[in-house]
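Work through the exercises below with the sequence and the model open side by side. Each task is followed by a solution in steps.

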Amino acid sequence: ICRTNFFGYGPLHKNSFSDWIIKSAKQEIIITLHDDVFFTPIIGNNLVYFAHKLLDKNCSGIYNICSDQVLTKYEFGILLCKTLNISSKYIKAAPISSRNELVLRPTSMALSNKKMHGSLNVSVEPITNQIMSLKI
């Protein structure tokens, strides 16, 4: 079982979280990202790579495949835009508690990848490097 929070290009019929941030910023649409919801995002290509490495080694159990970096959704959005040279001035920060219409969600979705590190003896590249792979 692999647990993860990944980012990258979504299918044509549905934007991914990172697609939505990039598209909104480019179109100068104001969006609000939570500055109190934490996660450990990993780009889809790395998720696939590490999942296959675990399969190749016949690993079993529950593995968190994620980055080493814990970020808020807001910090991720700002970093995503900064790394891709897109203006982040339309990204606003707000706590998740300000969104009464949302179903109650956890504020910490950060995962520990220590088990994956131990099983594969690998490191995960910094999120900035992962974001760079989104550039065409």
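**Exercise 1.** Leaving aside its neighbours within four places in sequence, which residues is Ile 21 in contact with?

*Solution.* The coordinates come from a predicted model. Step one: set aside the sequence neighbours of Ile 21 within four places. Step two: list what remains in contact with Ile 21, namely Ile 31, Leu 33, Phe 76, Gly 77, Leu 80, Cys 81 and Ile 91. Step three: place Ile 21 in a wider setting. Ile 21 belongs to the largest nonpolar core, which has 19 residues, and is listed with Phe 76, Leu 80, Leu 84, Ile 131 and Leu 134 as touching the most other members. At least two residues of this core come from each of α1, β3 (31-34), α3 and α5 (127-132). The largest share, 4 residues, is supplied by α3. A second core, separate from this one, has 10 residues, among them Phe 50, Tyr 63, Ile 65 and Leu 120.

**Exercise 2.** Describe how helix α1 packs against helix α3.

*Solution.* Two packed helices are described by the angle between their axes and the distance between the axes. Step one, geometry: α1 spans residues 17-26 and α3 spans residues 73-83; the angle is about 60 degrees and the axes are 10 Å apart. The pair is therefore classed as oblique, since an angle has to reach 65 degrees to count as roughly perpendicular. Step two, handedness: the crossing of α1 past α3 is right-handed. Step three, residues: α1 contributes Phe 17, Ser 18, Ile 21, Ile 22 and Ala 25, which meet Lys 73, Phe 76, Gly 77, Leu 80 and Cys 81 of α3. Step four, composition: this contact is made of 7 nonpolar residues, 2 polar and 1 charged.

**Exercise 3.** Which residues of α1 are buried, and which elements do they pack against?

*Solution.* An α-helix has 3.6 residues a turn, so residues three or four places apart point the same way. Step one: the buried residues of α1 are Ser 18, Asp 19, Ile 21, Ile 22, Ser 24 and Ala 25. Step two: these buried residues pack against β2, β3, α3 and β8 (91-94). Step three: for the partner helix α3, the buried set is Lys 73, Phe 76, Gly 77, Leu 79, Leu 80, Cys 81 and Thr 83.

**Exercise 4.** Is Phe 7 buried or exposed, and what is in contact with Phe 7?

*Solution.* Step one: locate Phe 7 in strand β2, residues 6-7. Step two: the relative accessible area of Phe 7 is 4%, so this residue is buried, the cut-off being under 20%. Step three: beyond four places in sequence, Phe 7 contacts Ser 18, Pro 41, Ile 42, Ile 43, Gly 44, Phe 76, Gln 130, Ile 131 and Leu 134. Step four: Phe 7 and Asp 19 are 12 residues apart along the chain, and their C-alpha atoms are separated by 8.5 Å.

**Exercise 5.** Assign burial classes to Thr 72 and Tyr 74, and give their contacts beyond four places in sequence.

*Solution.* Step one: Thr 72 sits in strand β7, residues 71-72, while Tyr 74 is part of helix α3. Step two: Thr 72 has a relative accessible area of 3% and is buried; Tyr 74, at 26%, is partly exposed, because that class runs between 20% and 50%. Step three: Thr 72 is in contact with His 34, Asp 35, Asp 36, Val 37, Phe 38 and Phe 39. Tyr 74 touches Leu 33, His 34, Asp 35, Ile 91, Lys 92 and Ala 93. Step four: Tyr 74 is 34 residues from Ser 108 in sequence, with 13 Å between their C-alpha atoms.

**Exercise 6.** Where do Asn 58 and Asn 121 lie, and what phi do they take?

*Solution.* Most residues other than glycine have a negative phi, and most peptide bonds are trans. Step one: Asn 58 has a positive phi near 55 degrees and lies in the loop between α2 (44-56) and β6 (63-64). Asn 58 is exposed, at 69% relative accessible area. Step two: Asn 121 has a positive phi of about 50 degrees, and its loop runs between α4 (114-120) and α5. Asn 121 is exposed as well, at 72%. Step three: look just after the two packed helices. Glu 28 follows α1 with a positive phi near 60 degrees, and Asn 85, just after α3, has a positive phi of about 55 degrees.

Key: Residues numbered from 1 in each chain as written. Predicted model: local features only at pLDDT ≥ 70, side-chain atom pairs only at ≥ 80, totals over all residues. Heavy atoms only, no water. Axes fitted to C-alpha atoms, helices over the stretch in contact; angles between N-to-C directions. Parallel < 35°, antiparallel > 145°, perpendicular 65-115°, else oblique. Left-handed = near helix turned anticlockwise from the far one by under 90°. Contact = heavy atoms within 4.5 Å. Nonpolar A, V, L, I, M, F, W, Y, C, P; charged D, E, K, R; others polar. Core = buried A, V, L, I, M, F, W, Y, C linked by side-chain atoms within 4.5 Å. Buried < 20%, exposed > 50% of the residue type's maximum accessible area, 1.4 Å probe, protein only.
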